[in-house]
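Below are some questions on how labels were assigned in a structure, each answered by setting a value against its cut-off.

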Amino acid sequence: MALYEHIFLARQDLSQSQVDALAATATEIIEANDGKVTKTETWGLKNLAYKIDRNRKAHFVMLNIEGPGSVVAELERQTRINEDVIRYMTIKVDEHEEGPSVMMRKNDRDKKRRSDREERN
């Protein structure tokens, strides 16, 4: 089985529950096509470097996928149709990263720095 990382950006005006529903839909598509989602991470609402379809922010979600190439083809086809997703990217990887991704570790580090700063004041 091939390993993939699929990241998509959802519109900024969606609620967190709607973003979770998008991730659940992607998981269903993958599992219906003989694939498996090994990890799902929601990175939250982040600023974009430039406007995409009049959106300055987007909800970022990453899925680690195991499965044949047909899974990715169907997932990307369904994602392309969905108007709540403004960008997506699927990358084939040699192995999945263990533990939290770099983005999640960055969020934890930033939260720790903020709390340290508040303690000093």
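Q: What makes Lys39 count as buried or exposed?
A: This is a predicted model, and in it Lys39 has a relative accessibility of 19%. Buried means under 20%, so Lys39 counts as buried.

Q: How do you know that Glu41 and Lys39 form a salt bridge?
A: The closest N and O atoms of Glu41 and Lys39 are 3.5 Å apart. The cut-off for a side-chain nitrogen of Lys and a carboxyl oxygen of Glu is within 4 Å, so the pair qualifies as a salt bridge. Glu41 is at 7% relative accessibility and therefore counts as buried.

Q: Why is Glu5 said to have no salt bridge?
A: The nearest side chain of opposite charge to Glu5 is Lys39, 6.9 Å away. A salt bridge needs the two atoms within 4 Å, so Glu5 has none, although Glu5 is buried. Glu5 lies in strand β1 (residues 2–11). Among the residues that Glu5 touches are Met62, Leu63, Met89, Ile91 and His96.

Q: What makes Asp13 exposed, and Arg11 partly exposed?
A: Asp13 is at 55% relative accessibility; exposed means over 50%, so Asp13 counts as exposed. Arg11 is at 22%, which falls between the limits of 20% and 50%, so Arg11 counts as partly exposed. The side chains of Asp13 and Arg11 meet in a salt bridge of 2.9 Å, N to O. Arg11, Asp13 and Asp84 are linked in a network of salt bridges.

Q: How do you know that Glu74 and Arg77 are paired, and where do they lie?
A: Their closest N and O atoms are 3.0 Å apart, and the limit is 4 Å, so Glu74 and Arg77 form a salt bridge. Both residues lie in helix α2 (residues 69–81), three residues apart, about one turn of the helix. Glu74 is at 21% relative accessibility and therefore partly exposed; Arg77, at 38%, is also partly exposed. A search of the whole structure finds four salt bridges.

Q: What makes Lys111 eligible for a surface patch?
A: Patch residues need over 30% relative accessible area and no salt bridge. Lys111 has 53%, so Lys111 passes the accessibility cut-off. The positive patch is formed by Arg109, Lys111, Arg113, Arg114, Arg117 and Arg120. Lys111 itself lies in helix α3 (residues 102–120).

Key
Residues numbered from 1 in each chain as written. Predicted model: local features only at pLDDT ≥ 70, side-chain atom pairs only at ≥ 80, totals over all residues. Heavy atoms only, no water. Patch = residues over 30% accessible without salt bridge, like charges linked within 9 Å, V, L, I, M, F, W, Y side chains within 5 Å. Areas by Shrake-Rupley, 256 points an atom, 1.4 Å probe, with all protein chains shown as cover. Lys, Arg positive; Asp, Glu negative; His and termini not counted. Charge placed at Lys NZ, Arg CZ, Asp CG, Glu CD. Helix = DSSP H or I, 4+ residues; strand = E, 2+ residues; numbered from the N terminus. Buried < 20%, exposed > 50% of the residue type's maximum accessible area, 1.4 Å probe, protein only. Contact = heavy atoms within 4.5 Å. Lists of a residue's contacts leave out its neighbours within four places in sequence.
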